[in-house]
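Reader: Please give me a close look at one part of this model, chain C, in a single connected account. I would like to see how the chain is built before turning to its surroundings.

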Amino acid sequence: MSDLLAGLVAAFQLVFTLDHDLVEISLRSFQVTGISVFIAAFCGLPFGAWLAVTRFRYRRIAIALLNALMGLPPVVVGLFVYLMLSRSGPFGVLDLLFTPTAMIVAQTIIIAPIIASLSHQALRELWSVYHDLLISMNTTKGQRIKVLLWDGRRALLTAILTGFGRGIGEIGAIMIVGGNIDHLTRVLTTAIALEVGKGDFALALGLGLILIVMAIIVNLSVHILSRTEREGTW
Amino acid sequence: MVKTIFPLVLEDACVSKKGRLLAGPLTLKLEGFGITILLGPNGSGKTTLLKLMHGLEKPKSGVARWAIPNSIANMKQSFVFQSPIVMRRTVLENMVYPLIIRKVPRKAAFLRAEEWIENVGLRQSIHKDATVLSGGEKQKLAVGRGLITDPDILFLDEPSANLDGASTQAIERLILLAGEKGTSIVMATHDFGQARRLAKDILFMYRGKIHERSPASTFFDTPKTNEALSFIKGDILL
Amino acid sequence: MKLGVYWVSFLICLLNSFPSFAGDMRLAVTTSFHNSGLSEILLPEIKKDLGLTVHLLVVGTGQALKLGRSGDVDALLVHSIKAEEEFVAEGFGTHRREIMYNDFVFVGPENDGAQLSNSKSAAEAFQTILNTRSPFVSRGDDSGTHRKEISLWQSAGTAPKGSWYRATGAGMGTTLNTASAMNAYVFTDRASWLNYEHKGNLKLLFSGDPVLFNQYTYIQVNSDKHKHVKNILAGQLEKWLSGKKAANLISNYKIKGQRLFVPNAKRQN
């Protein structure tokens, strides 16, 4: 219990003094996950829509595989990306290991299946409603995907925010490929792990609290900005 | 010289689903003049025939074709479903959509859409989300959306089956107007009062086949088949 | 869509606002070294004197050696003699450079049920724990500390096995927490112990046996194996760490009034 209180105190101290290190790692957390989510959404949303409207032979298997990929253990992804980017690995020459870019690569791989799978599930339902109409109108596949992505945007937003949540709290992968280097690749979650390892639970809790609050703020702002739960039946 | 999509020709076309024959063999030549009504009891295959003609169903055997290639013919038809399908956007955005996908310039498209919203009597709902409309209003939207592209043929599948008198009247008015402007109409209904009011031509369907084809002027007074007679009398046809 | 692209570019620019100068290198260090806090003293001085920014990767010894083998770091600072000699013998490191040492200690519950504090040597301490089957928490993560522990079990002629022997597979802080919670004995480096905040009912019970010596060694990654490693910078750092100034900083570093490390780098002629 005293740890929790100490954590609360630590959190307030860090925030009110606008601790320089805190600002740095928080910003980096959001940059890494933010960019990863953007890339993952850029690939995942259209793919989910495409999967909803396309019939092909191995469709069921593809969908099952995609859903299974949602459960990729992040630390395994991290290990894989490390081996790829290591100097002894195929992409070593790019010198990307232990940089925020490597962290973005790992997080994008983790988040993309989540966004693709969730958007596919949401748009599948929408497609079953629009199916006859859009075929009757002789739309192309591209037009159908556009319609689904636009009309289904509320559900897609949820998919994106889910991906963001997964990413902002992720640690396994970015620890391995980022190295938690001070002033270079340290983010909120890896800093928390460091403090836990050192035994400083109060500080770790404080950082954790800040992480949660920031995630809530992001979610709230997104919902407010997109005016969900306000108009219409959607 | 722009070729017309007509005639639509069906030759021994059969539609099956999961091995079960839904309708057919169907043989028909549609020249495209006036309002043709598909009349018949529920389950007689009216919806299937409509979808076959429009291309939403493909024949398992036999032929269904227009006079010109499908790629062109498909853009000149519209279909109104029994249960209106509206997109989850505003009434205006719904109405304008068929024009947008035909690459009509945005300004002109939206103007035309507003015109048609006026035509179908939905002016007061123009910026409302289409999903909150009543059944009758949705169907008016669907009919307007079907006609906004000035199609050569409009298919309607029992459009007023679930609507009240006022809505039915409004829909029928739109259909008649379209017919007068030269749009070919093919409509399924089991309401023979409606058939009486609108039809120029009757295709009487029974057990998945076109049982009788007659001009409306003679069908109601002197039907050619017993089944048609029973139906008109109001008997249940098995 | 356009807005999104602008945003991403902006964010990427922010991220890359830490340009990689020629004057930086990667050093893999062990968690026990990092826990001591000595790096906070040394790094700024290194920056001042050499203009060199040292990026610390704080990992276990096993992972540090792996990074060295893969050429993902430029040098290592570890404390596991056998593994280091292997590393150099295999050609991944050019040579070993001893920098400083601290010691390992035995920590355990205040009431010391096994009477560990009466031990005359480290071997005896380990024997006592084995005989009494007292709960003992081990790092179990192939770190320098863990390897030292294993080598001491071996030289005591025993191999720890049984439900009383618990391996956490985690860092020193976590392992100490586990020991505190379980009222168990634990083998730790002195620095981690002094820095540890949650002592609870744990006490330092035994230390001083010379075999508990913990030598920290600096090894440059061999640029013959990996052309890209910054061997010039790594060499500069080695010279600095073996020099007078570093020796002073190291011996003057105290935690709670206690000296932690003893510099023992041999001067190069």
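Author: What follows begins with the chain itself, goes on to its domains, and ends with its neighbours.

The model is a predicted one, in which local features need pLDDT of at least 70 and side-chain atom pairs count only at pLDDT 80 or more, while totals for chains, interfaces and linings use all residues. Residues are numbered from 1 along each chain as its sequence is written, and chains are lettered from A, with ligands numbered from 1, in the order in which they are written.

Chain C has 11 helices and 12 strands, where helices (H or I, at least four residues) and strands (E, at least two) are DSSP runs numbered from the N terminus. Its C-alpha trace spans about 65 × 60 × 40 Å along the principal axes. Of the 269 residues in chain C, 47% are buried, a term that here asks for 20 or more other C-beta atoms within 10 Å of the residue's own, with C-beta atoms placed from the backbone (12 or fewer would make it exposed, and anything in between partly exposed). Contacts, which require the C-beta atoms of two residues, placed from the backbone, to lie within 7 Å, mostly join distant parts of the sequence: among those in chain C with a separation of 6 or more, 76% are between residues 24 or more positions apart.

One helix of chain C can be checked for its length. Helix 3 of chain C (residues 38-50) has 13 residues and should span 18 Å at 1.5 Å a residue, which agrees with the 18 Å between its end C-alpha atoms; the expected span is 1.5 Å times one less than the number of residues. Just after this helix, G51(C) takes a positive phi of about 65°.

The domain assignment divides chain C into domain 1 (24-102 + 213-263) and domain 2 (103-212), with bounds that come from an automatic or database assignment. The C-alpha centres of domain 1 and domain 2 of chain C lie 25 Å apart, and 20 residues of domain 1 are in contact with 21 residues of domain 2. On the domain 1 side of this contact, helix 2 (31-36), helix 4 (61-70) and strand 9 (213-221) of chain C are the elements that give two or more residues, and helix 2 of chain C makes the largest share with four residues. That side divides into five nonpolar, 14 polar and one charged residue, on a scheme in which Ala, Val, Leu, Ile, Met, Phe, Trp, Tyr, Cys and Pro count as nonpolar, Asp, Glu, Lys and Arg as charged, and the others, Gly among them, as polar.

Beyond its own domains, chain C meets chain A, in a contact that takes 27 residues from chain C and 20 residues from chain A. Helix 2 (20-53) and helix 9 (188-198) of chain A are the elements that give two or more residues to the side of chain A that touches chain C, and helix 2 of chain A gives the most, with four residues. The residues of this side of chain A divide into eight nonpolar, eight polar and four charged. Chain A itself comes to 10 helices and zero strands. Of the two pairs of chains in contact, chains A and C share the most contacts. Chain B and chain C, by contrast, do not touch, and their nearest C-alpha atoms are 20 Å apart.
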